[in-house]
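This report examines the ligand site, the internal and open spaces, and the salt bridges of the structure shown below.

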Amino acid sequence: MKIGIIGVGHIGKTVAQKLSAAGHDVKVANSRGPETIEADVLSTGARAATATEAVSDAEVVILSIPLDRIPQIAPIIAGAPADAVVIDTSNYYPTRDEKTEAIEAGQVESLWVAEQLGRPIVKAWNAIGSGSLTHHGKPAGTPGRIAIPVAADDPKAREVGMKLVDDTGFDGFDAGTLAESWRQQPGNPCYCTDLTADEIPDALANADAERAPKRRDLAVAAIMERVGDPRTNPGPEWGVRLSRALFM
Ligand SMILES: NC(=O)c1ccc[n+]([C@@H]2O[C@H](COP(=O)([O-])OP(=O)(O)OC[C@H]3O[C@@H](n4cnc5c(N)ncnc54)[C@H](OP(=O)(O)O)[C@@H]3O)[C@@H](O)[C@H]2O)c1
């Protein structure tokens with residue numbers, strides 16, 4: 001598929017590498033211009049572009065930027081074909097993002113994103129840590145393969161998201177509609193805990209909207225105590241142990 005990826009940080013870079021390696025035609029963009037995109041992002045065939053170029057003829061647009069930058073990028077996403085599937089990886093972290101009153105008041109993050117963009121989205125790759133995404137992908141059918149929840153209102157768009165998740169080395173798990181996608185937000189049992197498709201249903205059922213934000217903030221505090229820099233992500237083993245202890 002023709003895929004435009006905006007944001008090539010911890011998550012976007014790995015998604016770009018894996019989807020190019022799987023044979024997709026991938027263009028990648030950041031906020032600073034194609035010349036600033038590092039060579040390893042392009043090592044499996046992705047091409048550097050401006051954000052406008054990346055989305056202009058895309059069948060799928062993947063957004064992997066901090067949630068509070070979504071409004072900035074909305075005019076560019078409006079230039080994507082009307083039938084392009086837009087997949088968003090973002091999560092709200094009030095310690096990183098500008099305070100967003102609607103989300104603080106309980107609006108589901110993916111619905112806020114869709115509202116800012118003025119078009120439906122698919123929510124995917126938000127609930128896996130960058131260490132696991134980079135190192136723990138496996139071929140389809142491997143016992144114990146990690147699953148990633150994928151939510152969307154349009155079943156066909158959700159299918160596209162699940163297929164692309166599969167192409168990155170993980171089982172795409174059908175997590176239902178965007179209204180239910182609060183269950184895969186930070187602080188909930190399926191968030192960054194590397195569960196299999198058999199384990200995700202219980203985790204989604206045990207999500208707790210009231211406690212999740214407190215647990216999310218506890219995890220940030222523990223990561224800061226450990227690594228001391230909010231831009232450094234924990235390695236997969238420690239990160240998953242921490243998420244399991246706090247969120248499950
Ligand atoms: N890190 C994780 O483990 C993880 C896991 C799951 C989901 N997520 C979520 O996925 C999203 C990305 O996270 P990340 O950790 O990959 O972030 P990151 O490492 O900080 O990278 C952010 C990327 O977004 C680009 N960007 C920022 N503003 C932009 C704009 N206005 N236009 C175009 N590009 C822009 C940045 O490009 P420039 O440097 O050029 O600005 C950079 O390439 C976040 O919402 C995060 O919560 C993260």
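## Polar contacts of the ligand

In this predicted model, a backbone N or O atom of Ser130 lies 3.0 Å from an oxygen atom of the ligand. A polar side-chain atom of Asn30 also faces a ligand oxygen atom, at 3.5 Å. On the nitrogen side, an N or O atom in the side chain of Asn233 is 2.6 Å from a nitrogen atom of the ligand. The ligand has 900 Å² of accessible area on its own, and the protein covers 86% of it.

## The shell around the ligand

The ligand is surrounded by 27 residues, of which Ile11, Ser31, Arg32, Ile65 and Asn233 come nearest. Asn233 thus appears both in this group and in the contact with the ligand nitrogen.

By class, the shell comprises 14 polar, 9 nonpolar and 4 charged residues. Helix H1 (10–21) contributes at least two residues to the shell, as does helix H3 (70–77).

## The cavity

The structure contains 1 cavity of 30 Å³ or more. The space in the largest cavity amounts to about 40 Å³. Its lining is formed by Ala127, Ile146, Ala147, Pro149, Cys190, Thr193, Asp194, Leu195 and Ile200. Sorted by class, this lining holds 7 nonpolar residues, 1 polar residue and 1 charged residue.

## The second largest pocket

The second largest pocket has a volume of about 310 Å³. It is lined by 17 residues, and those closest to its centre are Ile103, Gly106, Gln185, Ala209 and Pro213. Two helices, H4 (101–104) and H9 (212–227), are the elements that give two or more residues to the lining. The largest share, 3 residues, comes from H9.

In composition, the lining of the second largest pocket has 10 nonpolar, 4 polar and 3 charged residues.

## Salt bridges

The structure holds 12 salt bridges. One of them joins Asp57 and Lys27, whose closest N and O atoms are 3.2 Å apart. Asp57 is located in the loop between helix H2 (51–56) and strand E4 (60–63), whereas Lys27 belongs to strand E2 (residues 25–29), so the pair ties together parts that are 30 residues apart in sequence.

Methods:
Residues are numbered from 1 along each chain as its sequence is written. This is a predicted model: local features need pLDDT of at least 70, side-chain atom pairs count only at pLDDT 80 or more; totals for chains, interfaces and linings use all residues. Side-chain values use heavy atoms; hydrogens and water are left out. A residue is near a molecule or strand if one of its heavy atoms lies within 4 Å of it. A polar contact is a pair of N or O atoms within 3.5 Å; within protein, one must be able to donate a hydrogen and the other to accept it, and residues adjacent in sequence count only if both atoms are side-chain atoms. Accessible areas come from the Shrake-Rupley method with a 1.4 Å probe; for residues, only the protein chains shown count as cover. Helices (H or I, at least four residues) and strands (E, at least two) are DSSP runs, numbered from the N terminus. Ala, Val, Leu, Ile, Met, Phe, Trp, Tyr, Cys and Pro count as nonpolar, Asp, Glu, Lys and Arg as charged, and the others, Gly among them, as polar. On a 1 Å grid over the protein atoms alone, a cavity is a set of points where a 1.4 Å probe fits but cannot get out, and a pocket is an open set with protein on both sides within 12 Å along at least five of seven lines; lining residues have an atom within 4 Å of a point. Grid points are joined across faces, edges and corners, and a volume is the space filled by probe spheres set on the points. A salt bridge is a side-chain nitrogen of Lys or Arg within 4 Å of a carboxyl oxygen of Asp or Glu.
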